[in-house]
Amino acid sequence: MVNRGCSFEMPDGLLCQAPAMRGKTVCYWHDPERAEDVADARRLGGLHRRKAASVATIYDFAGLRSIEGAQRLLETAALETFALENSVPRNRTLISAAAGAAKLIEVGDHEERIRALEALGQARIDSAKDTATFPDTGS
Ligand SMILES: [Zn+2]
C-alpha cells in the first residue's frame, strides 16, 4: 500500500502531506484519536521553550551563533565549574574551557584581521575606480 500522505487540510488550503500513519489517511499530528496526546505534546513544547528562554535570560546567554555568545557560555561554564569541589574531572573541564577560550580568541583575531584586509582591498578598488572615472590627463 502506497502512503499517500496526510490528508488534513491546512489553514492555507493545502494538504499537510506528512507521512500518514499505517492504515490511516492522516499523520500523527492530525489524527483525531491522538488529539489529547498532541495537545499535551504542544503544551510541553511551549513549556520547554519558555523554560529555555528563562534559563537563557538568567545566564545572559545569547546563543552560540557568535564568538561572543560562545565566550559567554564558556565563561559561565568555567565559573560554575570553579564552584565545584576540586577533582580531576573539574580540572579537566577547566583546562578544556581554557583551550576552547584560546581557540575562540584566535578565531576572533583572524576575523578582525580579515575584516581589516577586506576594508583595505575595497578601499583600493574604490581608489582605482576614482582614477578610472577621472583619468590623469597630465603626461
Ligand atoms: Zn498531517
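Lys129 counts as exposed because just 10 C-beta neighbours sit inside 10 Å (the cut-offs, using C-beta atoms placed from the backbone: buried means 20 or more other C-beta atoms within 10 Å, exposed means 12 or fewer, partly exposed is in between). Lys129 sits in helix 3, in a predicted model where local features need pLDDT of at least 70, side-chain atom pairs count only at pLDDT 80 or more, and totals for chains, interfaces and linings use all residues. Residue numbers start from 1 along each chain as its sequence is written.

**Overall build**

- The protein chain has three helices and zero strands (these are DSSP runs, H or I of at least four residues for helices and E of at least two for strands, numbered from the N terminus).
- Read along the sequence, that gives the pattern α-α-α.
- The radius of gyration is 28 Å, well over the 14 Å the globule rule gives for 139 residues, so the protein chain is more spread out than a compact globule (the radius is taken over C-alpha atoms, and the rule is 2.2 Å times the number of residues to the power 0.38).
- Along the principal axes, the C-alpha atoms fill a box of roughly 85 × 60 × 30 Å.
- Burial is scarce: 2% of the 139 residues count as buried.
- Of the contacts with a separation of 6 or more, 15% come from residues 24 or more positions apart (a contact means C-beta atoms, placed from the backbone, within 7 Å).

**Domains**

- The assignment splits the protein chain into domain 1 (1-58) and domain 2 (62-133), with bounds that come from an automatic or database domain assignment.
- The centres of domain 1 and domain 2, taken over C-alpha atoms, are 39 Å apart.

**Confidence**

- Mean pLDDT is 88 for the protein chain, and 93% of its residues reach 70 or more (pLDDT is the predictor's confidence in each residue, from 0 to 100).
- Helix 1 (residues 35-58) has the lowest confidence, at a mean of 87, while helix 3 (residues 88-133) has the highest, at 93.

**Helix 1 and what follows**

- The 24 residues of helix 1 should span 34 Å at 1.5 Å a residue, and the end C-alpha atoms are indeed 34 Å apart (the expected span is 1.5 Å times one less than the number of residues).
- Helix 1 lies largely in the open, because the number of buried residues among its 24 is zero.
- Tyr59 belongs to the loop between helix 1 and helix 2, and 14 C-beta neighbours inside 10 Å make Tyr59 partly exposed.
- Asp60 is found in that loop too, between helix 1 and helix 2 (67-82), and is exposed, with 9 other C-beta atoms within 10 Å.

**Positive phi values**

- Most residues other than glycine have a negative phi.
- Asp60 has a positive phi, near 50°.
- Gln17 also has a positive phi, near 65°; Gln17 lies in the segment before helix 1 and is partly exposed, with 13 other C-beta atoms within 10 Å.

**Pairs across the sequence**

- Tyr59 and Thr76 are 17 residues apart in sequence, with 7.4 Å between their C-alpha atoms.
- Glu68, a helix 2 residue, is exposed with 12 other C-beta atoms within 10 Å; its C-alpha atom is 8.7 Å from that of Leu104, 36 residues away along the chain.
- Back at Lys129, the C-alpha distance to Asn86 is 63 Å, for a sequence gap of 43 residues.

Technical notes:
Contact = placed C-beta atoms within 7 Å.
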